[in-house]
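Visitor: I'm new to looking at protein models. Could you walk me through how to read one?
Guide: Sure, let's open it up and take a few features in turn.

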Amino acid sequence: MEELGLKILAACKAHTEKNPITIFNSVVREDYVRMHGPEHHIIDGACLLVAFKNAGGNINLDEGLKWVMTQGMKVPGAACAHWGICGSVTSIGSALSFIDGTSPLSTDGTWGNHMLFTAKAAQRMGEVNGPRCCKRDAYISFEAAIDYINEKYDVKLEKSDIKCEFSYLNQQCIGTKCPYNN
């Protein structure tokens, strides 16, 4: 998984966009990224960090990408079903943790703010319901994360309308029940 993670980080880092969704849509088209899989536990947070840096965020991108990869590799596939939390949410949560330097002992409000972010994204996923779809769940996470970052930080991430271009790859696609259905 580490070799795959390094490919993902390099693909993300090659982008100059301020829109994590645009970066994501490009990276997940790479032949080494599956429709569903734990690679999304790295991709999503990495795309957010790259967009954040490109928008003027003051972070060490290389350190942040390594952090997101290390954290993402700890989250197993099927965490959505077996743990009750999507790996996309945890990936973006780890990116926020890096941006803020949040630890389990943080008392500056970031610990709670990140919990509220992940709760909001997870609630939206629960409302849409399953079965799994790593692309749909990433889009839900990104929409919540872009709003969160644009509200809390001195950077502005770009947000675009999302229309899924991957449903034909997903044997479990929920079609018109998906908020990103074409």
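Visitor: Let me start with a single residue. Is Thr176 buried or exposed?
Guide: Before I answer, keep in mind that this is a predicted model. Anything over 50% relative accessible area is called exposed. Thr176 has 73%, so it counts as exposed.

Visitor: And where does Thr176 sit along the chain?
Guide: You'll find Thr176 in the segment after helix H8, which covers 134-152. Try a distance too: how far apart in space are Thr176 and His114? From C-alpha to C-alpha they are 31 Å apart, with their positions 62 residues apart in sequence.

Visitor: Can you show me another pair like that?
Guide: Take Glu30 and Lys7, which are 23 residues apart in sequence and 9.7 Å apart in space, again C-alpha to C-alpha. Glu30 belongs to the loop between H2 and H3. Its relative accessibility is 32%, so Glu30 counts as partly exposed.

Visitor: What about Asn25, is that one buried or exposed?
Guide: The cut-off for buried is under 20%. Asn25 comes out at 16%, and therefore counts as buried. Asn25 is part of helix H2, residues 20-27. Leaving aside residues up to four places away in sequence, Asn25 touches Tyr139 and Phe166.

Visitor: Now a whole helix. How do I check the length of H8?
Guide: Go from the first C-alpha to the last and compare that span with what 1.5 Å a residue would give. H8 has 19 residues and spans 26 Å, close to the expected 27 Å. You can also ask how covered a helix is: in H8, 15 of the 19 residues are buried, so the helix is mostly covered.

Visitor: How does H3 do on those two checks?
Guide: H3 runs over residues 40-54, and its 15 residues reach 21 Å, close to the expected 21 Å. As for cover, 13 of the 15 residues of H3 are buried, so the rest of the structure largely encloses this helix. Look just past H3 as well: Gly56 follows, and its phi is positive, near 105 degrees.

Visitor: Which residues other than glycine have a positive phi?
Guide: One of them is Asn129, with phi near 80 degrees. Asn129 lies in the loop between H7 and H8. At 51% relative accessibility, Asn129 counts as exposed. Ala78 isn't a glycine either, yet its phi is positive at about 70 degrees. That residue, Ala78, sits in the loop between H4 and helix H5, the latter being 79-82. With 37% relative accessibility, Ala78 counts as partly exposed.

Visitor: What should I look at in the peptide bond from Gly130 to Pro131?
Guide: Look at omega, which is near 10 degrees there, and the bond is cis. Pro131 is in the loop between H7 and H8, and Asn129 lies in that loop too.

Visitor: Next, how are two packed helices described?
Guide: You give the angle between their axes and the distance between the axes. Try H6 (residues 87-100) and H7 (residues 110-128): their axes come within 10 Å and cross at roughly 160 degrees. That makes H6 roughly antiparallel to H7, because an angle over 145 degrees counts that way. The crossing of H6 with H7 is right-handed.

Visitor: Which residues in H6 and H7 meet?
Guide: On the H6 side they are Val89, Ile92, Gly93, Leu96, Ser97 and Asp100, and on the H7 side Thr110, His114, Phe117, Thr118, Ala121, Ala122 and Met125. Sorted by class, this contact of H6 with H7 has seven nonpolar, five polar and one charged residues. You met His114 earlier, as the partner of Thr176 in the 31 Å distance.

Visitor: At what angle do H4 and H6 cross?
Guide: Roughly 140 degrees, with the axes of H4 (residues 61-72) and H6 coming within 9 Å. That makes H4 oblique to H6. This crossing of H4 and H6 is right-handed.

Visitor: And which residues of H4 and H6 meet?
Guide: From H4 you have Glu63, Gly64, Trp67, Val68 and Gln71, and from H6 Ser91, Ser94, Ala95, Ser97 and Phe98. By class, the contact of H4 with H6 divides into four nonpolar, five polar and one charged. Notice Ser97 of H6: it meets residues in H4, and it is also listed in the contact with H7.

Definitions and conventions: Residues are numbered from 1 along each chain as its sequence is written. This is a predicted model: local features need pLDDT of at least 70, side-chain atom pairs count only at pLDDT 80 or more; totals for chains, interfaces and linings use all residues. Side-chain values use heavy atoms; hydrogens and water are left out. Axes are lines fitted to C-alpha atoms, for helices over the stretch in contact, and angles run from 0 to 180 degrees between N-to-C directions. Helices (H or I, at least four residues) and strands (E, at least two) are DSSP runs, numbered from the N terminus. Angles under 35 degrees count as roughly parallel, over 145 as roughly antiparallel, 65 to 115 as roughly perpendicular and the rest as oblique. A crossing is left-handed if the near helix is turned anticlockwise from the far one by less than a right angle, and right-handed if clockwise. Contact means heavy atoms within 4.5 Å. Ala, Val, Leu, Ile, Met, Phe, Trp, Tyr, Cys and Pro count as nonpolar, Asp, Glu, Lys and Arg as charged, and the others, Gly among them, as polar. Buried means under 20% relative accessible area, exposed over 50%, partly exposed in between (1.4 Å probe, protein chains only). The expected span of a helix is 1.5 Å times one less than its number of residues.
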